[in-house]
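Subject: Handing over a structure

Dear colleague,

I am passing on to you the structure we spoke about, and you will find it with its sequence just below. Please look through it first, and then read on for what was found in it.

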Amino acid sequence: MNDLVFSGVQPTNQLHLGNYIGALKQWVPIQHDHRCLFCIVDLHAITVPQEPRELRQNILDVAAAYLASGIDPKRSTIFVQSEVPEHAELGWIMGTLTKMGELERMTQFKDKSAKGGMGRAGAGLFTYPALMAADILLYDTSAVPVGEDQMQHLELARVLARRFNERFGETFQIPQALIQKHGARIMSLQDPSKKMSKSDPSDTSKILLSDTADIIRKKIMRAVTDTAGGVTYDADKKPAVANLMTIYHQVTGLTMKQIETEFDGKGYGDFKKALAEAVVAHLEPITKRMQEFRSDPHELLRILDNGRERAQLLAAEKMKLVRSRVGLGR
Ligand code: AQP
């Protein structure tokens, strides 16, 4: 049994607190007892239009965010997806095994294509889950830490691994999801029915890892709350406050009960002030380290070169087996 963990983030924009809590922060402790591959999934990013110069900057920003959040390049492999061409190759093969109906059911595709209409959405956006399955299966991944939004895609990866194994013989490990109780889905600060998202045009909906302390304070003080008062956790009746409490829990380590006790008899204003200070204190060292990595690109590039070499070795070996199983080449 392989104990490899794989996960990734799209360099589609500046990372936000949702990406940090739902992904990066969760990855850090996993490195201590698993072999980990953390990928910057730039091929996924281009399933929606990207400005080339910005994309290249975002790739390095995401790499810097991984390192600044505590991913240790001595323990874990950090690399850029497009630099290991086997991802695209296996993505194609997985696409040939995927049914149209399976892709049509994907809520992320429905959401992302809703604006311009399905007929106008790129085919890459539609087949995105086949490429994501390839990313995971290429390394015989045993576990994938994901936010709730990615569960449907992960389930398809499991289906495709089984389908391939049945058709061509035992080749891929079936990956499991690693999902946390609180924090798997951080919601928009302006609308608790929507997840915090890089592509949300509203600046105040999300806290970016690159935000200054003052901006973070302003965004939190402007966050919406619920009509019913009191800092108590009830995700159905008080979704906005439950979301803010989840963030507080994540950055302080306090349980929901402890948070309720701390703010018993106090109003939302007091809670938001404490929350803002806790988020600032948690993110400040991360933001500072990100800036340091970005101001010394040599170190960052060296880490990414190293990661590419490590990932490439594993990917090349696996693809040799996959090609022979499928009957590709001579
Ligand atoms: N709001 C969130 N709460 C918790 N986890 C989240 N993730 C994303 N948003 C939240 C987790 O972050 C990882 C990387 O996500 P991604 O960049 O691959 O794609 P995404 O899920 O589509 O993220 P965004 O921020 O919403 O980006 P855009 O707007 O570009 O689509 C994943 O593990 C995800 O679960």
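The buried residues of helix α6 pack against two other helices, α7, which spans residues 123–137, and α8, which spans residues 151–168. Please bear in mind, here and throughout, that this is a predicted model. Helix α6 itself covers residues 107–114, and its buried residues are Q108, F109 and S113. These three lie on the same side of α6, because the arc that they cover around the axis is only 115°. D111 and A114, by contrast, are exposed and belong to the other side of the helix.

Two further residues can be placed with reference to the helices that α6 packs against. E155 sits in helix α8, and with a relative accessible area of 39% E155 counts as partly exposed, since that class lies between the 20% limit for buried and the 50% limit for exposed. Between the C-alpha atoms of E155 and G327 there are 26 Å, and along the chain the two residues are 172 residues apart. D140, for its part, belongs to the loop that runs between α7 and β4, the latter being residues 143–145. The backbone of D140 deserves a look, as its phi is positive, at about 50°, although D140 is not a glycine. D140 has a relative accessible area of 19%, and is therefore classed as buried, the cut-off being under 20%.

Next comes the ligand, and the residues that surround it. Which residues come nearest to the ligand? Of the 23 residues around it, these are H16, D149, I186, K198 and S199. By type, the shell around the ligand is made up of six nonpolar, 12 polar and five charged residues. Several side chains can be paired with oxygen atoms of the ligand: a polar side-chain atom of S199 is 2.5 Å from one such oxygen, an N or O atom in the side chain of T12 is 3.0 Å from an oxygen of the ligand, and for the side chain of N19 the corresponding distance is 3.2 Å. The protein buries 97% of the 640 Å² that the ligand exposes when taken alone. The elements that give two or more residues to this shell are strand β1, residues 4–9, and helix α1, residues 17–30. It is α1 that gives the most, with four residues.

H16, already named among the residues that come nearest to the ligand, is located in the loop between β1 and α1. Its relative accessible area is 3%, so H16 is buried. If the neighbours within four places in sequence are left aside, H16 is in contact with M196, S197 and K198, and also with K206, I207, L208 and L209.

Helix α1 also holds V28. Again leaving aside the neighbours within four places in sequence, V28 is in contact with S69, G70 and I71. V28 and I71 are 43 residues apart in sequence, while their C-alpha atoms are 5.7 Å apart in space.

The last residue to point out is D226, which is found in the loop between α9, residues 213–221, and α10, residues 239–252. Is D226 buried or exposed? D226 is buried, because its relative accessible area is 13% and the limit for that class is under 20%. Beyond its neighbours within four places in sequence, D226 is in contact with K238, P239, A240, V241 and Y268. With V241 there is a more specific pairing to look at, in that the side chain of D226 reaches the backbone nitrogen of V241 at 2.8 Å. D33, on the other hand, is 41 Å from D226, C-alpha to C-alpha, and the two are 193 residues apart in sequence.

With kind regards

Notes: Residues numbered from 1 in each chain as written. Predicted model: local features only at pLDDT ≥ 70, side-chain atom pairs only at ≥ 80, totals over all residues. Heavy atoms only, no water. Buried < 20%, exposed > 50% of the residue type's maximum accessible area, 1.4 Å probe, protein only. Contact = heavy atoms within 4.5 Å. Polar contact = N/O pair within 3.5 Å; in protein donor to acceptor, adjacent residues only side chain to side chain. Near = heavy atom within 4 Å. Areas by Shrake-Rupley, 256 points an atom, 1.4 Å probe, with all protein chains shown as cover. Nonpolar A, V, L, I, M, F, W, Y, C, P; charged D, E, K, R; others polar. Arc of directions from axis to C-beta.
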